[in-house]
Amino acid sequence: MVVIKTIITSLIFVFILSTSAAGRRTKLMGLNSGDYADGICKSRVETQGYSCEEHKVTTKDGYILSLQRIPTGRSGGKKTAGAKPPVLLQHGLMSDALTWLSNSPDESLGFILADNGYDVWLANVRGTNYSSGHTSLSPNDAEYWDWSWDELVEYDFGAFVQYVYEQTGQKLHYVGHSLGTLMAFGAFSREEMVNMVRSAALLSPIAYMGQMPSPLARAAADIFTAEVLYWLGFKEFAPGGGAASKLVDDICSKIDCTDLESIITGPNCCMNSSRASLAHQQPTATKNMIHLAQMIRQGTIAMYDYGSEDDNNKHYGQTTPPDYNITSIPNHLPLFLSYGGEDLLSDVKDVQTLIDTLSDHDPDKLVLQYIENYAHLDFVYAVNAKQVVYDPLIAFFRLN
């Protein structure tokens with residue numbers, strides 16, 4: 001009976017978590033299944049008066065990923081796209097490239113960068129609706145979902161960076177939010193792709209999560225929510241539709257679900273209130289959620305723990321997962337870290353641990369921005385983010 005109650009409780013936490021925070025934007029933007037067929041360029045970029053290109057890149061392990069390119073701003077510009085500095089934008093957990101396009105063009109980073117003379121590239125990681133292809137597998141196959149953010153570091157990040165570098169012939173700037181920052185930290189700690197990157201702007205940086213105070217996210221980790229789902233055979237962590245959607249509708253008919261966003265991510269100060277109750281979220285791998293839960297419980301940044309010394313030894317040649325050594329990030333790599341005082345996922349204490357770990361970084365190459373009233377989603381959806389975050393970010397890029 002106790003086991004059954006734990007499973008039920010775990011599933012409720014999962015469905016609450018997966019339908020709440022990161023990307024409630026589909027209905028707002030009028031997106032439906034047809035829009036996925038049209039692609040981001042046609043449905044979201046060209047409608048705003050920008051030129052746009054759809055690109056595909058295949059990872060070394062067979063995943064077919066999509067990128068969108070906005071080569072010029074609304075006014076066009078005299079320079080060719082190749083002469084403009086490229087910038088790659090990487091979304092966070094259970095989101096996609098629409099993260100950077102969801103507000104008006106004057107408020108969305110993807111459009112703002114294009115209007116400021118950058119050659120903008122928008123990445124969509126494996127498993128999202130825009131990057132659901134594979135050379136031999138289908139999302140209906142359990143094997144398709146056999147990955148965590150280790151694979152996003154090893155395959156997706158490198159594929160995106162190398163593709164943009166080769167297409168433009170230039171080193172690129174990088175912007176990551178949340179999980180997009182963890183991907184960068186993982187790759188840079190191995191000194192991978194650093195020779196192709198000019199600088200990195202990391203918003204709501206995620207590296208250490210041991211002090212994360214988000215009550216629902218921590219509770220889900222503590223009761224092994226994702227592990228329960230995995231044991232039950234759910235290899236895809238699907239946020240919407242079916243029983244999950246009905247359960248959340250039932251829960252939200254009894255409580256104010258707009259508060260869940262604040263409970264999970266922190267009280268976002270500056271988002272358009274009409275967006276709070278809207279649902280747009282992308283699938284991820286349950287294994288990925290397990291990996292993040294391990295980080296919360298253990299307070300470390302390490303590779304996926306397979307749960308036994310024998311299994312870890314099979315994968316890594318050692319009984320414990322290897323650490324990602326943040327101190328190995330090259331000291332000369334320009335980094336812009338922007339974090340918020342109200343963020344419950346990228347907690348101030350965890351960010352301070354990250355900053356302490358980077359203590360030997362060249363002080364002229366490390367810019368820290370602390371925004372006291374910002375929470376996790378403000379960095380990508382706040383209506384005043386241009387003035388608060390993006391203008392300083394662009395100034396940082398121009399120095400590098």
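**Reading a predicted model: a dialogue**

Modeller: Let us start with His 376, which, when residues up to four places away in sequence are not counted, touches His 177, Ser 178, Ser 204, Ile 206, Thr 265, Asn 268, Asp 343, Leu 345 and Ser 346. Please keep in mind throughout that this is a predicted model.

Biologist: Where in the chain is His 376 found, and does it count as buried or exposed?

Modeller: To place a residue, one looks for the helices and strands on either side. His 376 is found in a loop, with strand S11 (366–371) before it and helix H15 (378–381) after it. For burial, one reads the relative accessible area, and a value under 20% means buried. His 376 has 3% relative accessibility, so it counts as buried.

Biologist: Which residues does UniProt list for "active site"?

Modeller: Such an annotation comes from a record, and it may be inferred rather than shown by experiment. In this case the UniProt entry, which is unreviewed, lists Ser 178, Asp 343 and His 376 under "active site". They are spread over 199 residues of sequence, and yet they cluster in space, with a largest C-alpha distance of 10.9 Å.

Biologist: What does Ser 178 touch, and where is its place?

Modeller: Ser 178 has its place in the loop that runs between strand S6 (172–177) and helix H7 (179–189), and with 10% relative accessibility Ser 178 counts as buried. Leaving out residues up to four places away in sequence, Ser 178 touches Gly 92, Leu 203, Ser 204, Ile 206 and His 376.

Biologist: How many disulfides does the structure hold?

Modeller: One looks for pairs of cysteine sulfur atoms within 2.5 Å. The structure holds two such links. In one of them, the sulfur atoms of Cys 41 and Cys 52 are 2.0 Å apart, and the torsion about the S-S bond is -65°, which goes with a left-handed link. Cys 41 lies in helix H4 (residues 40–45) and Cys 52 in the loop between H4 and strand S1 (53–58), so this pair ties together parts that are eleven residues apart in sequence. Cys 41 is buried, at 3% relative accessible area, and Cys 52 is buried as well, at 15%.

Biologist: Why is the disulfide of Cys 269 and Cys 270 left-handed?

Modeller: Handedness is read from the torsion about the S-S bond, and for Cys 269 and Cys 270 this torsion is about -95°, so the disulfide is left-handed. Their sulfur atoms lie 2.3 Å apart. As for accessibility, Cys 269 is partly exposed at 33%, whereas Cys 270 is buried at 14%.

Biologist: How many cavities of 30 Å³ or more does the structure hold?

Modeller: A cavity is described by its volume and its lining, and the structure holds three of 30 Å³ or more. The second largest contains about 50 Å³ of space. It is lined by 14 residues, of which Met 94, Val 125, Trp 147, Pro 283 and Thr 284 are the closest to its centre. The lining divides into seven nonpolar residues, six polar and one charged.

Biologist: Which residues is Gly 117 in contact with?

Modeller: Setting aside its neighbours within four places in sequence, Gly 117 is in contact with Lys 84 and Pro 85. Gly 117 sits in the loop between helix H5 (109–115) and strand S4 (119–124), and a relative accessible area of 27% makes Gly 117 partly exposed. Gly 117 and Pro 71, which are 46 residues apart in sequence, are 8.7 Å apart in space, taken from C-alpha to C-alpha.

Key
Residues numbered from 1 in each chain as written. Predicted model: local features only at pLDDT ≥ 70, side-chain atom pairs only at ≥ 80, totals over all residues. Heavy atoms only, no water. Helix = DSSP H or I, 4+ residues; strand = E, 2+ residues; numbered from the N terminus. Buried < 20%, exposed > 50% of the residue type's maximum accessible area, 1.4 Å probe, protein only. Contact = heavy atoms within 4.5 Å. 1 Å grid on protein atoms, 1.4 Å probe; cavity = no way out; pocket = protein on both sides within 12 Å on 5 of 7 lines; lining within 4 Å. Points joined across faces, edges and corners; volume = space filled by probe spheres on them. Nonpolar A, V, L, I, M, F, W, Y, C, P; charged D, E, K, R; others polar.
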